[in-house]
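This report describes how parts of a protein structure pack against one another. Please look over the sequence and the model before reading on.

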Number of protein chains: 2
Amino acid sequence: MNPIKNPALLTDLYELTMAASYWEHGMNQEAVFSLFVRHYPDKRRYFVSCGLADVLKYLKNLKFTDEDLEYLRSTGFFKSEFLSFLEHFKFQGDVHAVPEGTVFFEDEPILEVTAPLIQAQIIETFLINTINFQSMIATKAARCVHAAGDKKLVDFSFRRCQGIDAAMKVARASYMTGFIGTSNVLAGKQYGIPIYGTMAHSFVSSFKKEKEAFQAFSQTFPENSILLVDTYNSMSGTIKAAQVGEEMAEHGEQLKGIRLDSGNMTELSQKARRILDEHGLKDAMIFASGGFDEHKIQKVLSQNAKIDSFGVGTKMGVSADAPYLDMAYKIVKYNGEPVIKLSTGKVSLTSDKQVFRFSSDDGFYDHDVITLRDEQLTGGSPLLVPVVSEGQIIYESPPLSDMRACFKEAFSHLDDKYKSIHKDKPLYPVKISKKLRNLQDKTEQKYRNKEIL
Amino acid sequence: MNPIKNPALLTDLYELTMAASYWEHGMNQEAVFSLFVRHYPDKRRYFVSCGLADVLKYLKNLKFTDEDLEYLRSTGFFKSEFLSFLEHFKFQGDVHAVPEGTVFFEDEPILEVTAPLIQAQIIETFLINTINFQSMIATKAARCVHAAGDKKLVDFSFRRCQGIDAAMKVARASYMTGFIGTSNVLAGKQYGIPIYGTMAHSFVSSFKKEKEAFQAFSQTFPENSILLVDTYNSMSGTIKAAQVGEEMAEHGEQLKGIRLDSGNMTELSQKARRILDEHGLKDAMIFASGGFDEHKIQKVLSQNAKIDSFGVGTKMGVSADAPYLDMAYKIVKYNGEPVIKLSTGKVSLTSDKQVFRFSSDDGFYDHDVITLRDEQLTGGSPLLVPVVSEGQIIYESPPLSDMRACFKEAFSHLDDKYKSIHKDKPLYPVKISKKLRNLQDKTEQKYRNKEIL
């Protein structure tokens with residue numbers, strides 16, 4: 001656990017050694033850095049931005065404590081003069097960013113920092129870590145929400161998330177994209193997310209008989225019992241749950257539902273539905289868990305599985321089929337001059353930029369254009385908005401429930417063909433403005449002539 | 001960020017609702033829960049345990065604060081009497097566990113909790129989250145260390161880790177298994193891990209000329225400069241770095257090395273070695289980064305790449321090819337009676353257990369036997385040791401550097417055929433004792449007769 005008292009050292013060493021060398025050489029003019037995803041991972045066709053609120057909090061509070069500076073001194077890498085400089089360090093730059101819940105695409109800048117070089121450099125590691133992970137999860141969760149249609153999803157990933165911080169962020173990102181809640185109690189408390197739970201096999205195992213376990217749980221939670229039926233055999237378990245449901249009905253109570261957690265979900269859910277219906281429990285829901293992601297959800301629903309809600313765990317919580325994005329934070333301008341990197345396979349778009357989104361008459365997103373920051377394209381909506389000005393946070397993150405509503409609205413404007421969870425459909429069109437293209441070509445040529453021997 | 005003040009709510013809701021129902025029904029006899037990995041993920045043939053220190057800290061500090069209880073009350077799930085019970089909750093059970101850095105295998109218990117049922121239940125989510133993630137990373141990192149042979153590895157994964165907590169734990173787990181250090185400064189401070197860094201493309205881009213950037217950095221860090229050469233072109237960059245290395249030599253300084261970060265690593269490293277050697281820089285090292293994992297390391301080394309050290313980032317830091325383990329925490333005994341789960345594909349081993357490891361005459365691990373806890377097998381070493389007794393921590397986690405040495409020693413006893421990073425070799429033999437097998441069969445039969453309609 002080790003709660004982190006101060007985030008300033010949450011950085012790669014090279015951010016600080018570069019800063020020391022910049023500082024020693026008087027290199028601290030205004031720089032622009034751009035954050036973007038270089039390539040779609042396998043099967044992804046869009047992304048959903050997430051994590052800005054954490055970045056703003058970090059920028060606001062960023063300072064090196066005496067303890068931090070003492071540690072840095074002890075490493076032997078840094079001169080006293082530079083450590084004195086860090087003592088007074090704070091972020092005083094500008095940031096433009098897309099709001100959380102924005103749908104975005106490959107190569108599009110989603111956050112740009114304009115600040116003295118050292119400030120813009122030192123924040124790199126935290127920015128990428130935060131936005132990369134949360135956007136990756138929001139994207140994965142949005143794919144699950146899309147596949148589920150009108151069925152409901154709950155985040156069950158806590159135990160298999162990559163650490164505690166991940167579990168918290170997964171609960172938040174998945175709720176933002178349309179999950180109805182999470183099993184994570186602290187996330188419920190901290191983010192105001194509805195919390196959900198059923199029961200574990202251990203509950204059933206610890207009673208002498210499965211049915212006794214069901215009776216005990218429904219006595220404690222007469223309005224909130226979803227009985228896990230597969231500890232011994234899913235159909236035997238469903239029959240016992242249905243009997244308990246009947247008993248509850250005799251007392252005027254209502255069994256909320258059952259949970260299936262292993263085996264062939266389509267078949268089992270159809271049989272379970274019949275059993276519940278035959279016992280007069282038409283309103284008892286069938287909750288399913290166990291290895292669900294967008295693909296398994298789509299598959300069982302296409303087979304007419306009788307599932308009302310899914311517990312979506314591990315595969316969403318670690319974005320198992322794409323557990324990282326190729327997100328980069330690159331310097332694109334220094335001291336007024338556009339700069340560029342030409343590394344094999346990693347050429348990035350130069351200069352400070354904006355993204356304009358154009359919609360068709362029927363309201364669907366039609367295409368995006370990446371432009372220079374100061375271009376104005378008629379008819380398009382700019383995606384990046386100012387969020388920090390001279391170190392002051394000027395953007396208030398909306399409540400999570402508002403972000404959730406905004407994402408739902410935005411996502412409805414993305415045509416289904418671009419939401420495909422397979423690779424069979426066309427890519428959403430992202431163009432580059434003529435001015436940006438010209439500057440890009442000129443800058444590339446300049447660096448090729450200057451630097452390649 | 002949101003530092004977590006108190007970990008008691010780091011749990012799935014159902015742990016608490018089950019606890020409430022246990023409590024209401026007087027179900028709080030002694031239970032034994034067992035933590036193990038159900039199946040090898042693709043390509044894994046062994047695991048490395050990690051995370052115990054965090055679990056012990058958690059168990060020691062586990063309590064519900066007034067704020068926690070207030071939140072739980074606000075959810076409406078819980079009766080006042082149960083919340084009063086939680087107010088005085090603390091962990092008072094026993095824990096047996098394998099030390100961090102232990103090599104273990106599919107189905108082997110690596111941690112067992114013996115405690116009143118409610119206590120053993122409530123800690124489930126945190127235990128799995130902590131041990132699952134850290135063991136997964138330690139396993140992935142050990143595979144990289146094995147593939148690298150005598151080459152050195154540094155953890156460069158921070159930016160792509162799944163959150164902040166993950167980045168800290170990855171630095172620790174990879175160091176424990178043999179990485180020489182990390183780029184993560186806070187992990188350096190918190191865990192005493194050596195920190196390493198080179199430079200980023202932005203450093204090069206922000207100077208008017210690549211060579212100026214190299215000169216500036218080596219002036220600031222005359223003993224610690226690894227120059228990144230691929231911002232524009234790896235060979236042009238290497239030539240400029242070599243020239244700077246010659247200039248340094250004239251001042252009696254020594255260029256530490258160069259870093260390659262893109263392109264064909266085998267070819268580029270061979271060419272770069274020649275360039276450096278031709279400039280009299282035989283001691284300048286070649287550091288390589290960019291998509292390395294055990295497979296890419298093995299590949300380039302088998303092609304005779306001239307690489308001295310690897311920065312291993314994303315793919316290790318998220319265990320990209322196996323981003324979760326199928327780790328489970330199952331009740332195996334309640335009130336003296338062995339219990340079992342029979343769910344399709346998920347049958348677990350009943351009762352409290354021990355693992356004995358047998359070595360052959362040449363010192364290599366030969367096979368393991370999973371036994372009942374109270375069995376004694378002559379000639380084998382028991383892997384699980386008592387770490388908590390009646391709520392008191394009785395095991396002191398050794399310093400990380402000692403764990404690292406212990407792991408190195410232990411790993412040397414695992415034959416290379418079991419360390420293969422492919423699936424082509426035999427599995428390490430894990431047997432089940434006759435007594436355990438008999439009890440398992442009897443218990444399975446009992447539950448089949450009793451519960452399956």
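## Helices H3 and H4 of chain B

In this predicted model, helix H3 (residues 66–75) of chain B packs against helix H4 (residues 80–87) of chain B at an angle of about 160 degrees, and their axes are 10 Å apart. Because angles over 145 degrees count as roughly antiparallel, H3(B) is roughly antiparallel to H4(B). The crossing of H3(B) past H4(B) is right-handed.

On the H3(B) side, the residues that meet H4(B) are B:Leu69, B:Leu72 and B:Arg73. Their partners in H4(B) are B:Leu83, B:Leu86 and B:Glu87. Sorted by class, this contact of H3(B) with H4(B) holds 4 nonpolar and 2 charged residues, with no polar ones.

## Helices H11 and H12 of chain B

A second helix pair in chain B consists of helix H11 (residues 234–250) and helix H12 (residues 265–278), whose axes come within 9 Å and cross at roughly 25 degrees. Angles under 35 degrees count as roughly parallel, and H11(B) and H12(B) are therefore roughly parallel to each other. Their crossing is right-handed.

H11(B) contributes B:Ser234, B:Met235, B:Thr238, B:Ile239 and B:Ala242 to the contact. From H12(B) come B:Leu268, B:Lys271, B:Ala272, B:Ile275 and B:Leu276. The residues of the contact of H11(B) with H12(B) comprise 7 nonpolar, 2 polar and 1 charged.

## The two domains of chain A

Where do the domains of chain A lie along the chain? The domain assignment gives domain 1 as 7–137 + 322–451 and domain 2 as 146–317. The C-alpha centres of these two domains of chain A are 39 Å apart. Their contact draws 14 residues from domain 1 of chain A and 16 residues from domain 2 of chain A.

On the side of domain 1 of chain A that touches domain 2 of chain A, helix H6 (124–148) and helix H15 (400–412) of chain A each supply at least two residues. H15(A) gives the most to this side, with 5 residues. By class, this side of domain 1 of chain A has 8 nonpolar, 2 polar and 4 charged residues.

## The contact between the chains

Chain B and chain A also touch each other, with 95 residues from chain B and 96 residues from chain A in the contact. Which helix supplies the largest share of the side of chain B that touches chain A? That share, 8 residues, comes from helix H1 (residues 13–24) of chain B. The side of chain B that touches chain A divides into 47 nonpolar, 32 polar and 16 charged residues.

Key: Residues numbered from 1 in each chain as written. Chains lettered and ligands numbered in written order. Predicted model: local features only at pLDDT ≥ 70, side-chain atom pairs only at ≥ 80, totals over all residues. Contact = placed C-beta atoms within 7 Å. Helix = DSSP H or I, 4+ residues; strand = E, 2+ residues; numbered from the N terminus. Nonpolar A, V, L, I, M, F, W, Y, C, P; charged D, E, K, R; others polar. Axes fitted to C-alpha atoms, helices over the stretch in contact; angles between N-to-C directions. Parallel < 35°, antiparallel > 145°, perpendicular 65-115°, else oblique. Left-handed = near helix turned anticlockwise from the far one by under 90°. Domains from an automatic or database assignment.
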